[in-house]
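User: Please examine the model below and justify the terms used to describe it. I should like each label set against its criterion.

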2 protein chains.
Amino acid sequence: MPYMAGDADIASVAAVMGNPARGSMLAALLGGRALPAGELARVARVSPSTASDHLARLTDAGLVSVERFGRHRYHRLADDRVAQVVEGLAALAPARRVRSLREDSQSTAERAARSCYDHLAGALGVALADRLTELGALDDQSLGLADPEPFRALGVDVASLGSGRRPLTRSCLDWSERRPHLAGELGAATLQALLDSGWIARRGHGRAVAVTPPGREGLHRVLGLDALSVAPGCG
Amino acid sequence: MPYMAGDADIASVAAVMGNPARGSMLAALLGGRALPAGELARVARVSPSTASDHLARLTDAGLVSVERFGRHRYHRLADDRVAQVVEGLAALAPARRVRSLREDSQSTAERAARSCYDHLAGALGVALADRLTELGALDDQSLGLADPEPFRALGVDVASLGSGRRPLTRSCLDWSERRPHLAGELGAATLQALLDSGWIARRGHGRAVAVTPPGREGLHRVLGLDALSVAPGCG
DNA sequence: GCGACGTTTCGGCCCCGACCGAAACGTCTG
DNA sequence: CAGACGTTTCGGTCGGGGCCGAAACGTCGC
């Protein structure tokens with residue numbers, strides 16, 4: 001029986017993702033925030049009991065992790081490998097037709113700048129990674145950390161990172177830009193620092209983020225990064 | 001048609017992949033070769049009629065493309081985005097237990113060097129991309145083509161590429177190495193050139209490839225690339 | 001043209017899993 | 001402690017999808 005090679009059980013994982021309710025949940029969690037079960041039930045348009053079933057399967061498969069906070073249970077994507085596969089599936093899926101102006105502006109906003117699980121993606125994520133590479137903060141090819149100083153200037157506490165088993169840096173391919181951007185622990189810390197400093201802010205309930213006026217000024221001053229669209233709309 | 005990343009229908013694609021038979025087929029096609037329907041039926045251990053059903057669904061979903069050759073129909077993965085998602089799913093799947101020595105040596109061989117859809121992956125793919133970057137053939141970060149000469153030395157007809165809509169180069173993250181390697185049209189042409197020149201050869205029926213003795217000598221001479229394990233076994 | 005072979009279509013069986021409501025469980029509040 | 005709320009567990013129903021065999025279709029060889 002040849003062809004046993006490489007026969008990792010793709011289907012078992014894909015089957016877990018291959019359900020409308022669970023797919024909606026995963027897509028919602030791509031925003032990077034941890035959401036309680038009831039919220040995910042609402043997103044997936046199923047009853048709380050059904051959602052509980054689905055979430056159990058997602059966690060059993062190792063796709064989602066849970067934290068208990070009082071009587072709530074917050075769910076998030078397990079790691080960025082999961083996020084990347086979900087992003088890939090989203091790109092493979094037939095483009096859904098836009099039904100309203102509000103949805104359209106939301107999608108252009110997402111293309112411009114969005115959070116992917118726990119780091120920055122979209123045109124902004126790519127531009128940031130490019131600029132940090134130009135500045136010598138990131139290694140040429142593998143996006144390894146070369147110089148921590150620019151990150152510190154962004155408010156990232158670089159020294160406290162790198163202890164876990166998670167890769168410090170990681171090149172994550174962006175599906176709309178077809179260019180790599182920064183993921184891994186450092187990518188996550190950078191997104192968090194930018195959110196904390198108010199240089200970028202989440203827009204609505206989705207994955208889209210936007211550069212704030214102070215952020216526009218700060219990114220210019222600290223990194224020399226310009227031509228960032230504060231307002232969405234310029235594809 | 002604006003592309004809506006937020007709520008793209010992940011589940012519809014994942015459901016197509018989330019069936020044992022179809023998953024086996026996709027895994028088999030990761031080897032990069034086009035396979036006829038009967039062969040895929042054998043791989044998936046289903047009847048020809050069932051396999052036909054599955055293949056129809058895979059092609060409808062845009063995951064697999066078909067070419068007719070006489071009374072055979074050869075199926076291959078549609079593009080490298082599909083291949084990358086399938087690779088990601090395989091990495092997410094629980095490690096399958098190895099049942100025989102033969103399987104184990106096959107899997108170590110795959111980790112050392114393998115074809116992923118139509119380009120080179122594994123440790124060899126990463127080493128090659130690294131070396132080509134060092135030589136200035138590839139751009140620092142995005143793995144863009146910077147100098148075609150080293151590719152020509154490998155037997156790649158660079159001039160004939162770049163006409164289609166497929167990206168000429170593309171950074172593809174390798175799941176076992178956690179490092180990028182070269183995909184895209186140039187990656188595919190490079191694998192093909194190395195196979196044509198006999199510098200690497202497919203091992204058995206799976207995805208594993210191996211550097212041949214002439215290839216070892218040639219890669220050293222042309223690229224200064226050393227420390228390649230001709231025989232598998234050194235993880 | 002005829003048979004062999006690869007592939008697809010069709011009909012029918014069967015089982016898995018998605019769904020819900022009711023009820024139990026755990027946690028915070030008054 | 002009682003009641004509200006978020007969440008999970010349990011039974012039971014139901015539809016969709018995976019499976020196969022038989023037969024049709026298309027292609028190749030003689």
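User: What makes B:Ile10 a residue in contact with chain A, and which residues does B:Ile10 touch there?

Analyst: In this predicted model, B:Ile10 touches A:Met17, A:Gly23, A:Leu26, A:Ala27, A:Val86, A:Leu89, A:Ala90 and A:Ala93, with residues up to four places away in sequence left out of the count. The criterion for contact is C-beta atoms within 7 Å, so each of these residues counts as touching B:Ile10.

User: Which residues touch the most other members of the largest nonpolar core?

Analyst: That core has 139 residues, and A:Ile10, A:Leu89, B:Ile10 and B:Leu89 touch the most other members. Helix α5 (residues 80–92) of chain A gives the most to this core, namely eight residues. Membership requires a buried residue of a nonpolar type, joined through C-beta atoms within 7 Å; A:Ile10 and B:Ile10 belong to the core, and therefore both count as buried.

User: Why are β1 and β2 of chain A said to stand at the edges of the sheet?

Analyst: The three strands of chain A form an open sheet in the order β1-β3-β2, with antiparallel pairing. β1 (35–36) and β2 (64–69) of chain A each have a single partner strand, so one side of each is left without a neighbour in the sheet.

User: How do you know that β2(A) and β3(A) pair?

Analyst: Pairing requires at least two bridges. Strand β3 (residues 72–77) of chain A is joined to β2(A) over six bridges in the antiparallel sense, so the criterion is met. In β3(A), A:His75 is the bridge partner of A:Val66.

User: Which helix packs on this sheet and touches β1, β2 and β3 of chain A?

Analyst: Helix α2 (residues 20–29) of chain A does so, and its direction makes about 80 degrees with that of β3(A). Helix α4 (residues 48–60) of chain A also packs on the sheet, touching β2 and β3 of chain A, at about 120 degrees to the direction of β2(A).

User: What makes a residue part of the surface near DNA strand D, and which residues come nearest?

Analyst: The cut-off is a C-beta atom within 6 Å of the strand. Of the 21 residues around DNA strand D, those that come nearest are A:Pro36, A:Gly38, A:Ser49, B:Ser49 and B:Gly70. The largest share of this surface, six residues, comes from α4(A). Elements supplying at least two residues each include α2 (20–29) and α4 (48–60) of chain B. By type, the residues divide into eight nonpolar, nine polar and four charged.

Terms used
Residues numbered from 1 in each chain as written. Chains lettered and ligands numbered in written order. Predicted model: local features only at pLDDT ≥ 70, side-chain atom pairs only at ≥ 80, totals over all residues. Helix = DSSP H or I, 4+ residues; strand = E, 2+ residues; numbered from the N terminus. Contact = placed C-beta atoms within 7 Å. Axes fitted to C-alpha atoms, helices over the stretch in contact; angles between N-to-C directions. Nonpolar A, V, L, I, M, F, W, Y, C, P; charged D, E, K, R; others polar. Buried ≥ 20, exposed ≤ 12 C-beta atoms within 10 Å, placed from the backbone.
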